[in-house]
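Me: I'm new to reading protein structures. Could you walk me through this one, feature by feature?

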Amino acid sequence: MKNMGDMLLTRPPFSEIVMGNTALVRAMIESGTRVVTSYPGSPTPEIATAIKSIPLDRRPFYFEFSTNEKVATEVAFGASLNGHLATVFFKSVGLNVAADSFVQLSLMHLVGGMVIVLGDDPGVNSSQNEQDNRHYAYMSYTPVLEPANPTEVYCFYKEAATLAATMGKAVILRLTTHVCHAKERVAFAGWTPPAQPDNTPRFDPARGPYIPLVSAVFPKKRQALEDLQRVERWVDERNLHRTINNGSARGIIVSGMVYLSVEEVLAEVVDKPDILKLAMPYPLPSRKIAEFLAAHEEVKVLEELDDTLEKEVKALAFDHQLTTRVRGKATVEDWIGEYTPDKVRDILHRTWPESIPPRKTAAAAATVPIPARPPQLCPGCGHRSAFHAIKQALPADDTITVADIGCHTLGFQEPYRMGEVLLCMGASPGIAAGMTLFNTTRKVVAFLGDSTFFHAGIPGIINALFNKHNLTLVLMENGTTAMTGHQDHAGSGRNFNEATEAIPVRQVLAGLGVQHIFETDTYQQQELADMMRQAMALDTFNVVIARHPCMLLFARKQRKKSGYAPHPVRIDQQQCAQIHTCVQEFGCPSFSRAADGTVTVNRELCIGDGSCIQTCPTKAITR
Amino acid sequence: MQPFNIYLCGVGGQGIGLLSEILLRAADYAGYTAKAVDTHGLAQRGGTVISQIRLGGVVCTPLIAERTADLVVALERHEALRGMQVALRDHGTLIYYNTSLEPLGVRLGTESEVSTDDIDKVCGQRGIVSHSVMQPDIPDPRMQNIVVLAHIHRHGLVPGLQTEHFLQAMEDLLTGTMLSANIELFQAA
């Protein structure tokens, strides 16, 4: 088997099939990155998987999962002030969490330089929105490089690192889901480990000011704005923007992975427009764009998500008094979803119907309905057990349940309908508090995971105590960050690199002054239901901890032990009265119901946790 | 030359990722320029997993346009029908492992399960060649992906890929008893 860690540390030049996230790690190594931080979130966790493949004693940089994206950004910032090239990576909405610190970075001289790697998610594959993080670049005067494929991820990170280190700045490398997860053969340069890394803490207040207060802000803001012009020239000199000249009077301006869709669509087009492919969508190369506009009668701006590029291109055309027709987004749909080859074909056909052919419409097929496959809680998941129990305890129509981010978010689906409103990480205690105001008839219950508790949940809990909000918080404590691939968190007893003291959730709550803390094993459904009834009868803030290690992770560890034998449950057909609680209300994917009502267990799915046994009214589920 | 487009789909946990990477690496060993992309948003939680591979010819993007896949590889029956409806060209080839992992609506009795007849019907209408694969006696259901791989190899469903290319790819990705068990199954299936 090829060893990823060895591959990433290869010294002579080589090539390998890698995904964008892996190519990024090789680029970090070649660039001499010293500190890397993150909080897990799709589409970026495989960056950490690649880092983990390098044993700790051979890893050329320090890496940590921090408690949230803001802290991760601060750790990377601190390291950069001491002269280390630092990188922080997280998912799209992670930048919202990091924003308070992030927006200050351009007002500071970052001695070692800093690269912020973002995993934006056009198409909403695994996020709560498809926000376009280029807006943050505008707000904070931070340059953005935008690669289209794994090769460019590798090259552009190195460019971003050089730019950041040379100018003492933060630079964004904006990836999107299918850039992170694309795979191709990438040619890598050689790498020589530095003989003696410079560990000198080089922070020097004289290189500041680092206290951005009142009038100290103006010179730094001036500097940040002037830097943008230097960045613009630098990208030009590095020839990172590309012009593809097909000798046409029409042009397309595009960047990132959308460029690949354009290439694909134009492959079979005879009258090909020229293309200006931008490596950096902010700051834009104004002169290059003006020249491109001047050389064409008509220019289409093809831009995934929002219209930052279009607005600037139109403004440039106006400023240069150009008569070029600039064509941007035409309908609301142009703002929505990933710009796949199909979507780009539709848009280009609509723009230039006579030269860009439409989709080849496929022959109409028989309409056999295909059931949708929403993601669900895993077979044996403790959250299912908890939701099933809690549902028994909640008064049917006079309870409001508030969701948070994590696997337990999936409880909103049938048959549980637990957690009916969701904002973002750690928002549930706050939302729930608001829903208790003037509310004397409907009890409010909030759900929160343990990784999220540490990430952003604690301020909402403190607020509930401080302002005496009467609600029940159910803390689903499974000891891991399950949704993103089981990363350890502050309560796990391990960090990315070594064993640590687990920070006990219960003691944190007690220390904050929570008077009523109930705690039970997630799988003890009767006890959990009883505790919920007691908790909801109280008229003060209270917490119910439903605890068990994530069963998926737990079962995986069991399977690796010698002598392991699977012990799935089975249905005693003599006992089964076909009440269907297991299928209809408990709803574990392991149960199937035949047309005649017979229930069977899918042995491929059942992990043998047995949490279903207690749900059967006729005790027909057995080992 | 037009690229050869392979669209793979299944349910989280079935091993679409491994199957896809074996095919990608086998294609690379066979001398193709190949690009791939995985879509696995919340796959670990029982959602749909999709992987796309494009090889040969001029491949710009790894994303396959609607109904231009030459081959759809599915590890489950509902996903087979979904995959061929979304991605497969008329007169293309479908290979699927004939098992059913019930989607939520089927389990709750609000939607009907997809049957092999449903798949055969659509294949007949669209001139699709269908290969249904099943081998109940395998040691671990998570090896169904290798049963499908063996069938792809035996029937030459990806042009130009020889035995040694598959084996080299598997050796890149697996080790120890996992490697030997999977190679044994690949050669026997």
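Reply: Happy to. Let's begin with a strand pair: strand E4 (residues 69-74) of chain B and strand E5(B) pair in the parallel sense over five bridges. Two strands count as paired if DSSP finds at least two bridges between them. Helices (H or I, at least four residues) and strands (E, at least two) are DSSP runs, numbered from the N terminus. As for one matched pair, B:Leu71 has B:Thr93 in E5(B) as its bridge partner.

Me: How are the residues and chains labelled, and is this an experiment or a prediction?

Reply: It's a predicted model, where local features need pLDDT of at least 70, side-chain atom pairs count only at pLDDT 80 or more, and totals for chains, interfaces and linings use all residues. Residues are numbered from 1 along each chain as its sequence is written, while chains are lettered from A and ligands numbered from 1 in the order in which they are written.

Me: What confidence does the predictor give?

Reply: pLDDT is the predictor's confidence in each residue, from 0 to 100. Chain B averages 94, and 97% of its residues score at least 70. For the complex, the predictor gives an ipTM of 0.97 and a pTM of 0.97.

Me: Back to E5(B): how many of its ten residues are buried?

Reply: Eight of them, so strand E5 (residues 88-97) of chain B is mostly covered. "Buried" means that 20 or more other C-beta atoms lie within 10 Å of the residue's own; "exposed" means 12 or fewer, and "partly exposed" is in between, with C-beta atoms placed from the backbone.

Me: Are there strand pairs to look at in chain A too? Which strands does E12(A) pair with?

Reply: Strand E10 (residues 250-255) of chain A pairs with strand E12 (residues 298-301) in the parallel sense, over four bridges. There, A:Ile253 has A:Val301 as its bridge partner. E12(A) also pairs with strand E13 (residues 325-327) of chain A, in the parallel sense over three bridges, and A:Glu298 stands opposite A:Arg325.

Me: Now helices. How do I read which side of a helix faces inward?

Reply: Start with the general idea: an α-helix has 3.6 residues a turn, so residues three or four places apart point the same way. Now try helix H18(A), where A:Gln525, A:Leu528, A:Met531, A:Met532, A:Ala535 and A:Met536 are buried. They cover an arc of only 125 degrees around the axis, which puts them on the same side of H18(A); the arc is that of the directions from the helix axis to the C-beta atoms. On the other side, A:Gln526 and A:Ala537 are exposed.

Me: What covers the buried residues of H18(A)?

Reply: The cover includes helix H14 (382-393), strand E15 (443-449), strand E16 (472-477), strand E17 (516-521) and strand E18 (542-547) of chain A.

Me: And how do I check the length of H18(A)?

Reply: The expected span of a helix is 1.5 Å times one less than its number of residues. H18(A) has 13 residues (525-537), so it should span 18 Å, and its end C-alpha atoms are 18 Å apart, which agrees.

Me: How many residues does each chain bring to the contact between A and B?

Reply: Chain A gives 47 residues and chain B gives 48. Two residues are in contact if their C-beta atoms, placed from the backbone, lie within 7 Å. On the chain A side, the elements that give two or more residues are strand E8 (182-188), helix H10 (258-266), helix H13 (341-351), helix H20 (581-586) and strand E20 (591-593).

Me: Do strands pair across the chains? Which strand of chain B is joined to E8(A)?

Reply: Strand E2 (residues 34-39) of chain B, through two bridges, and the strands run antiparallel. In that pairing, A:Ala182 stands opposite B:Val37.

Me: Which residues does B:Cys60 touch?

Reply: Leaving aside its neighbours within four places in sequence, B:Cys60 is in contact with A:Leu260, A:Glu263, A:Glu264 and A:Ala267. B:Cys60 lies in the loop between strand E3 (48-55) and E4 of chain B, and counts as buried because it has 20 C-beta neighbours inside 10 Å.

Me: Last one: what about unusual backbone angles?

Reply: Most residues other than glycine have a negative phi, and most peptide bonds are trans. Here, the bond from A:Ser42 to A:Pro43 is cis, with omega near 10 degrees. A:His486 has a positive phi, near 65 degrees, and lies in the loop between E16 and helix H17 (505-512) of chain A.
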